[in-house]
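Work through the two exercises below with the sequence and the model in front of you, and try each task before reading its solution.

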Amino acid sequence: MSQITATFVRIIKEFLRDKVMVFWSIFFPIIWLIMANVVFLANAPEGEATPFRGAFTISMIVYAIMIAGMVDLPGNIAADRNRGMLSKLKSMPVSQLKDFLGRILAFLVFSLIAIFAVLLIGILLGAKFSVTEIGLLQSIGYLLLSILASSGIGLILATLIKGEQGAVYTGIGVALITSFTTGIFTTYSQLIPVLQFFSRIYPISASNSSLIYILIGENMAGYNPLEPSQIALTTISSIILFIIGLTIYARYCWRKD
């Protein structure tokens, strides 16, 4: 546990010291949320605006998770590689598994900070959710799937892209492009058919739609993502992305320079 704790504390401190990382992870999704409410919903009737406020709050929570997994995580790993930290760890009696667990736990905590910050601002702006005990458990499950998929992509980027800036900018690009093309920044109904298909098979956007369906309703989600086949696809694809990322990271990033 000492190795896990040491890695966890080190990564958390590095996250919080990096003002740019804090901005992209927490304040950028909040700025998007505020802009959406001011620009698009300011003059809308309250009955129409409230569901959109809730849906966009959920989407910005998912986007914050994406940034933490696709930008913060690979950026941190690339920084450790460039300053020789990974090489030093590999020469020491440090468990690869414990180092990874500490790193992922730090990522989870940072994601939770972003989730609660965006949720609080969304509620203050007027977002409302329909929450039941079962719905809350389902929502936690889909948030975890988003975290798995995002961190899986982040581990792949961290392994393939050696430079810290390259990993960060690529992660931002992937997060932005996929958010625009899968309905996270828009709505499912606004997507063309081919992008609607991609939105269903991309586990992060499918999780986003599931959260909207559970907490807001099917009208805002655009389709029913809780059909058994869709649940299985979202769950399996999220786990597969994470396993692929972890395998590539362990084989090529930890063991080789």
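A salt bridge is a side-chain nitrogen of Lys or Arg within 4 Å of a carboxyl oxygen of Asp or Glu. The model is predicted, so local features need pLDDT of at least 70 and side-chain atom pairs count only at pLDDT 80 or more, while totals for chains, interfaces and linings use all residues. Residues are numbered from 1 along each chain as its sequence is written, and side-chain values use heavy atoms, with hydrogens and water left out.

**Exercise 1.** Find which residues the salt bridges join into one network.

Solution. Begin with arginine 10 and aspartate 80, whose side chains meet in a salt bridge at 3.1 Å, N to O. This pair links distant parts of the chain, since arginine 10 is in helix α1 and aspartate 80 in helix α3, 70 residues apart; helices are DSSP runs of H or I with at least four residues, numbered from the N terminus. Next, aspartate 80 also forms a salt bridge with arginine 103, the closest N and O atoms being 3.0 Å apart. Then return to arginine 10, which meets glutamate 14 in a salt bridge of 3.2 Å, N to O. The shared partners therefore join Arg10, Glu14, Asp80 and Arg103 into one network.

**Exercise 2.** Decide whether aspartate 80 and arginine 103 are buried or exposed.

Solution. Buried means under 20% relative accessible area, exposed over 50%, and partly exposed in between, with a 1.4 Å probe and protein chains only. Aspartate 80 has 0% relative accessibility, so aspartate 80 counts as buried. Arginine 103, with a relative accessible area of 2%, is buried too.

Technical notes
Helices (H or I, at least four residues) and strands (E, at least two) are DSSP runs, numbered from the N terminus.
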